[in-house]
Each structure stands twice: as structure tokens, then as C-alpha cells.
Amino acid sequence: MAVREPTRYLARALPRALVPSRSPLWPSLRRNASDQATSGSSPDPLDELESASSLGASVPEEVVKSYDPIARARSRKTQLPRSRYQYRSPKYDRGPLHPHRPPPPSDPHSRLFVPGPFTLPRVQQTYDSTIAQDILTLCYVHRPPGFEEPPRPPRLRPWDGSSPYHKNRPLRGPRGGDVLRLLRKPITFRNIPKLERITIHSYVKQAATEGSHWLHVAGMAVQAISNVRVQTFKSKSSVAPWGIAPGRDTVAVKAELRGEDMLHFVGKLVDVVMPKIKEWKGIKGSSGDSSGNITFGLDPEAVAMFPEIEVNYDMYPSGMIPGCHITLHTSATTDKDARLLLSALGIPFYGKFVN
């Protein structure tokens with residue numbers, strides 16, 4: 001190391017002319033872009049193109065006319081491999097960490113993509129133009145800047161600590177045997193109550209004793225009025241007078257409506273079926289599950305008033321059209337807001353309202 005130190009300092013002390021050059025001795029073949037600019041001549045750009053270049057040659061007219069990719073694709077005897085030339089979205093969603101995930105249903109490449117909606121149903125137009133604004137006006141609570149909400153008492157009672165067994169025990173329920181309901185959030189333009197889905201359920205007790213044809217007729221009727229394929233269910237509990245055993249007999253059908261099917265069903269129910277029911281007061285004010293879901297029932301005579309069944313009434317056997325229970329699931333958190341929404345849609349209520 002001591003021998004190399006003087007050599008390094010000696011090389012720095014020598015003049016630059018005496019230091020051997022690292023560049024090669026032969027002339028450089030590099031062409032700089034500024035050579036022509038310094039020479040003062042500006043040649044024509046077309047002169048620099050080679051005579052045999054494809055850029056300057058003209059394409060024959062026969063080649064232009066013969067170029068038809070659609071005809072070329074149709075003339076193929078075998079289809080191109082799908083894995084390389086055709087995009088196919090994944091069939092299953094294997095989780096957020098999988099490298100290949102199916103696109104959302106709104107993407108045209110999705111297998112679940114449905115174009116539209118091209119026109120909105122009447123119920124949806126009425127909700128967007130009138131009902132949503134009215135509900136927001138009736139339920140809106142203005143809180144100016146700086147408003148502090150008063151502290152709420154605890155919903156669950158703590159233990160008083162009088163016993164060593166109270167330590168680490170869960171809080172006790174409210175006094176009086178009342179249940180805890182969902183807390184009602186202030187209604188703003190972000191959470192205006194709206195319909196989410198409708199469930200139609202029909203329980204046919206004759207299917208267990210008189211034959212499965214009763215269940216087939218009930219499924220046909222529910223599917224006709226809902227435009228949705230029904231699901232069948234077996235009994236979960238035994239009913240001795242009807243001879244029904246749990247898990248053995250299929251005695252119920254159900255259909256869940258969403259989207260346009262739900263809106264069209266509400267339109268038929270409000271405009272066609274309910275006005276035809278004689279001496280019908282409406283839905284009881286006590287119906288509901290305290291979470292914004294309202295349930296009511298229709299007897300077989302009311303189910304037969306749907307246009308899909310009325311126009312083909314002779315197709316159904318006599319006396320075998322079933323009744324059904326209809327549950328209207330809303331995004332409201334209280335029955336009061338749900339009744340306000342359904343009343344605006346045209347569904348009547350009567351009696352004492354229970355929130």
C-alpha cells in the first residue's frame with residue numbers, strides 16, 4: 001500500500017498532456033446532429049431518404065383492395081386459441097389476493113354484465129323525482145356548526161361492583177325487559193330510506209299430506225307474479241295436526257326480488273291488486289321488526305288478482321292458488337321511517353303505529 005501511494009500522487013502531478021489517453025487511436029465514426037447545422041447547408045429531408053426505402057414507395061391498389069380482415073377471419077377453418085387472442089374474465093372470485101379477479105358486473109367484460117337500464121320503471125322515477133326529496137325534507141335535522149349533542153346515557157347498565165363475581169362480566173340489559181333496537185342515525189342525502197329487496201314466501205301445508213302438486217302450483221303462481229325463479233324449503237319444525245315432520249316434507253316456496261323486478265312488483269301491487277281488494281283497511285301499524293322491514297299477507301283471492309294469474313286463471317287448478325306473505329326490506333333503521341317510505345309509494349296503514 002505504501003508503494004502505491006507515491007505513484008498515485010505522481011500521476012496527478014504530471015501535466016495532462018503527458019498522461020496517456022484512454023480513447024482509441026483510430027478515427028471516430030460517430031455522426032453528430034449538429035454537423036450539418038454548423039456547415040450552413042440545409043438539405044431537403046426527402047433527399048436523405050433512401051431510394052429503396054418502403055416509406056417512399058407507393059402501395060399498389062390491388063393490395064389495398066385485397067386487405068379485408070373480416071373476410072380473412074371468416075375464412076379460417078379453425079378458431080384461434082382463446083387463451084391468446086380472446087379475453088375471458090375469470091369465472092370465480094378467488095379472493096382479493098388472487099392475481100386474476102373477475103371485473104365488476106358493471107364492466108362489459110364481466111360475465112354478469114347486463115346492458116342498461118335504458119328506461120327506469122315508474123316507481124323508480126317517482127322515487128327519484130318526488131319521494132326522496134319529500135322524505136329528506138320531513139326527516140332532516142339541521143345541526144349548525146359548533147352544535148354539541150348532549151351526552152346520551154349508556155344503553156346497557158354496568159354492574160355496581162358489590163360482589164367479586166361482577167368483575168369482567170358483560171353489561172346488563174335495560175330494565176323492563178325491552179330489547180335494544182338499532183340506533184337511528186340522522187337522515188341526510190346519503191342515507192335516505194329506500195327499498196332494498198322484497199321477499200315473497202308461501203307456506204303450503206297440503207303439500208305434506210295431499211301431494212307435491214300443491215307445491216308445484218304454488219311455485220308456478222309465485223314465479224308468475226314475481227318474475228323470479230322460486231326456491232323450495234323443507235319444514236324446520238313439526239306440526240302434528242297437519243302431519244308435518246321437520247326436515248322431511250317440502251312445504252314452502254320463496255322468491256327474492258331485487259332491481260327492476262322489485263320495482264315492477266311494487267307498481268303492480270299498489271296500482272292493480274290493492275285497489276281491487278274489498279273491505280281491506282291496509283297494513284297494520286304494528287307490523288314490522290323494529291329494523292325497517294314491514295311484512296303483510298295476501299289471501300288466495302288477492303293473489304289471484306295479479307295480472308299474470310288473472311289472464312291465465314284457467315291454467316291453475318280450482319282452489320289451489322296459494323296465499324303468501326310479502327316482506328318489504330328497506331334501508332331504514334326504524335319502522336317509522338319505513339312506513340313513511342311505503343306510504344309515499346302508495347301502501348296504506350291503519351291502527352296504532354308501533355315504533
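Which residue in β3 is the bridge partner of Ile 200? Keep that in mind while you get your bearings.

**The whole chain.** This is a predicted model. Show everything as a cartoon. The protein has 13 helices and seven strands. Now switch on the surface. Its accessible area comes to about 26900 Å², and carbon and sulfur atoms account for 55% of that. Of the 355 residues, 25% count as buried. Contacts come next. Take those between residues at least 6 apart in sequence: 66% of them join residues at least 24 apart.

**Strand β1.** Select residues 195-203, which form β1. Add residues 250-257, strand β3. These two strands run antiparallel, joined by six bridges. Here is the partner from the opening: Ile 200 is bridged to Ala 255 in β3.

Now add residues 324-330, strand β6. β1 pairs with β6 too, in the antiparallel sense, over six bridges. Pick Thr 199 in β1 and look across to β6. Its bridge partner there is Thr 327.

Show the side chains next. In a regular strand they alternate between the two faces of the sheet.

**The largest pocket.** Move on to the largest pocket, with about 220 Å³ of space. Select Gln 124, Leu 195, Gly 259, Met 262 and Leu 263. Of the 13 lining residues, these are the closest to the pocket's centre. Then colour three helices: α7 (122-139), α10 (259-273) and α13 (335-345). Each gives two or more residues to the lining. α10 has the largest share, with four.

Finish by colouring the lining by residue type. Nine of its residues are nonpolar, two are polar and two are charged.

Conventions. Residues are numbered from 1 along each chain as its sequence is written. This is a predicted model: local features need pLDDT of at least 70, side-chain atom pairs count only at pLDDT 80 or more; totals for chains, interfaces and linings use all residues. Side-chain values use heavy atoms; hydrogens and water are left out. Two strands pair if DSSP finds at least two bridges between them. On a 1 Å grid over the protein atoms alone, a cavity is a set of points where a 1.4 Å probe fits but cannot get out, and a pocket is an open set with protein on both sides within 12 Å along at least five of seven lines; lining residues have an atom within 4 Å of a point. Grid points are joined across faces, edges and corners, and a volume is the space filled by probe spheres set on the points. Ala, Val, Leu, Ile, Met, Phe, Trp, Tyr, Cys and Pro count as nonpolar, Asp, Glu, Lys and Arg as charged, and the others, Gly among them, as polar. Buried means under 20% relative accessible area, exposed over 50%, partly exposed in between (1.4 Å probe, protein chains only). Contact means heavy atoms within 4.5 Å. Accessible areas come from the Shrake-Rupley method with a 1.4 Å probe; for residues, only the protein chains shown count as cover.
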